[in-house]
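Q: Please take a close look at a single part of this structure and describe it carefully. Begin with the part itself and then set it in its surroundings.

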Amino acid sequence: MIEMTGVSKDYGPVRALHDIDLRVAAGEVTCVLGDNGAGKSTLIKIMSGLHPHTSGDFRVAGESRVFASPREALALGIATVYQDLAVVPLMEVWRNFFLGAELTGRSDRRNVSPPRDGSSPRNASFLRDGSSPRNASSLRDGSSLRDGSSPRDGFGRRLGFGLRIREMRGIVARELRSMGIDADVDRPIGTLSGGQRQCVAIARAVYFGARILILDEPTAALGVKQSALVLRRIAAARDEGLAVLLITHSPQHALLVGDHFIVLKLGAVALDARRGEVTLEELTAQMAGGSELDTLSAELGR
Ligand SMILES: Nc1ncnc2c1ncn2[C@@H]1O[C@H](COP(=O)(O)OP(=O)(O)OP(=O)(O)O)[C@@H](O)[C@H]1O
Ligand SMILES: [Mg+2]
């Protein structure tokens with residue numbers, strides 16, 4: 001899905017990424033680990049269209065790209081879930097889910113039923129022919145669901161035009177249930193736990209047609225139970241065929257869901273291993289710089 005060859009990124013005189021080779025495949029969770037300042041966020045920013053790379057080749061579905069804006073990334077089905085989720089805390093869960101992409105007009109089964117029927121993924125053509133999938137523009141701005149040509153009355157007014165609230169609530173309730181989240185869709189989203197909110201954000205991206213899901217430290221501020229909830233949702237997205245890129249500080253979490261592990265150190269790839277090729281100890285040592293931990297341990301007299 002995503003391939004980088006020799007990608008570098010400079011911020012003025014600062015070289016944040018140096019000669020990165022990376023592959024993010026569909027149906028896999030690729031974990032990117034690394035200490036603070038290693039370049040993890042910079043990597044995400046290139047993929048999500050926030051900052052163009054300086055040199056090297058960045059391909060999405062085989063085509064070289066330099067994104068000028070996050071919209072271009074979204075149009076290709078690359079969705080990024082940031083840790084500080086852009087939600088409106090006092091607004092209901094279901095409204096947040098559909099924010100900017102509300103279902104309006106007359107019900108159109110084609111447009112609303114999520115792909116739970118085991119049929120081929122609704123956006124199979126997504127990255128193949130470069131055309132927008134059904135829901136990609138709603139991922140962008142919701143316009144596709146709004147500009148449908150609903151029937152009009154004799155005065156040219158739209159008939160049956162309005163928010164399809166019951167339908168939206170139903171969809172979100174089903175999403176919550178499928179994730180094992182026992183919460184009412186009418187609750188303000190701010191009352192959900194951090195892990196539950198992350199899950200809702202992931203489910204939203206998947207619902208609106210993401211093919212590549214980028215997660216920036218989704219479990220960083222979470223306890224064990226909440227992390228488990230999020231990791232389960234990540235595994236489900238992978239099983240649905242998405243390419244998942246998981247940024248994390250936690251080798252444990254990476255090993256729980258990862259198929260492929262990349263450790264960044266000072267902007268370069270320090271380790272690139274598949275599942276089974278690396279142990280928790282190796283991953284931890286690579287991340288923290290084993291010798292630094294030894295030094296610290298000696299210094300603290302433990
Ligand atoms: N906008 C920017 N301008 C200048 N330098 C930057 C900018 N963003 C990042 N850097 C530098 O690039 C390097 C990599 O930063 P980046 O944020 O990608 O690291 P990170 O791995 O995400 O770290 P953390 O774990 O702290 O989030 C750092 O040296 C950082 O100071
Ligand atoms: Mg970062």
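A: The account below starts from one strand and moves outward from there.

The structure is a predicted model, in which local features need pLDDT of at least 70 and side-chain atom pairs count only at pLDDT 80 or more, whereas totals for chains, interfaces and linings use all residues. Residues are numbered from 1 along each chain as its sequence is written, while chains are lettered from A and ligands numbered from 1 in the order in which they are written.

The part chosen is strand β9, residues 260-265, of which five of the six residues are buried, so the strand is largely enclosed by the rest of the structure. A residue counts as buried if 20 or more other C-beta atoms, placed from the backbone, lie within 10 Å of its own, as exposed if 12 or fewer do, and as partly exposed in between. Strands here are DSSP runs of E with at least two residues, and helices are runs of H or I with at least four, each numbered from the N terminus.

Strand β9 has partners that run in both senses. With strand β3 (residues 29-34) it pairs in the parallel sense over five bridges, and Val32 stands opposite Ile262 of β9; two strands are said to pair if DSSP finds at least two bridges between them. With strand β10 (residues 268-274) the arrangement is antiparallel, and six bridges join the two. Lys265 has Ala268 of β10 as its bridge partner, and the two strands form a hairpin with two residues between them, where Leu266 in the turn has a positive phi of about 45 degrees.

Helix α11 (residues 280-288) also belongs to these surroundings. Its buried residues are Leu283, Gln286 and Met287, and, seen down the helix axis, they fall within an arc of 100 degrees, so they line one face of α11; the arc is that of the directions from the helix axis to the C-beta atoms. These buried residues pack against β3, α10 (251-257), β9 and β10, so the helix is linked by packing to β9 and to both strands just described as its partners. 

Ala268, the bridge partner of Lys265, leads on to another part of the chain. The C-alpha atoms of Ile20 and Ala268 are separated by 6.2 Å although the two residues are 248 residues apart along the chain. Ile20 has its place in strand β2 and counts as buried because it has 23 C-beta neighbours inside 10 Å. Leaving aside its neighbours within four places in sequence, Ile20 is in contact with Met4, Val7 and Val269, where contact means that the C-beta atoms, placed from the backbone, lie within 7 Å.

Strand β2 belongs in turn to an open sheet of four strands in the order β2-β1-β4-β5, with antiparallel pairing. Its edge strands are β2 and β5 (63-64), each of which pairs on one side only. At the β5 end, two bridges join β5 to strand β4 (residues 55-60) in antiparallel fashion, and Arg59 stands opposite Ser64 in β5.

Strand β2 (14-24) also contributes to the surroundings of ligand 1. The ligand is surrounded by Tyr11, Val14, Ala16, Gly34, Asn36, Gly37, Ala38, Gly39, Lys40, Ser41 and Thr42, a residue being near the molecule if its C-beta atom, placed from the backbone, lies within 6 Å of it. The elements that give two or more residues to this shell are β2 and α1 (40-47), and α1 gives the most, with three residues. The shell divides into four nonpolar residues, six polar and one charged; here Ala, Val, Leu, Ile, Met, Phe, Trp, Tyr, Cys and Pro count as nonpolar, Asp, Glu, Lys and Arg as charged, and the others, Gly among them, as polar.

Elsewhere in the chain there is another parallel pair of strands. Four bridges join β6 (residues 78-81) to β7 (residues 212-216) in the parallel sense, and Thr80 stands opposite Ile214 in β7. Ile78 and Thr80 point one way from β6, Ala79 and Val81 point the other way, and all of them are buried.

Taken as a whole, the chain holds 12 helices and 10 strands, and 41% of its 302 residues count as buried. Among contacts in the chain with a separation of 6 or more, 71% come from residues 24 or more positions apart.

Key
Contact = placed C-beta atoms within 7 Å.
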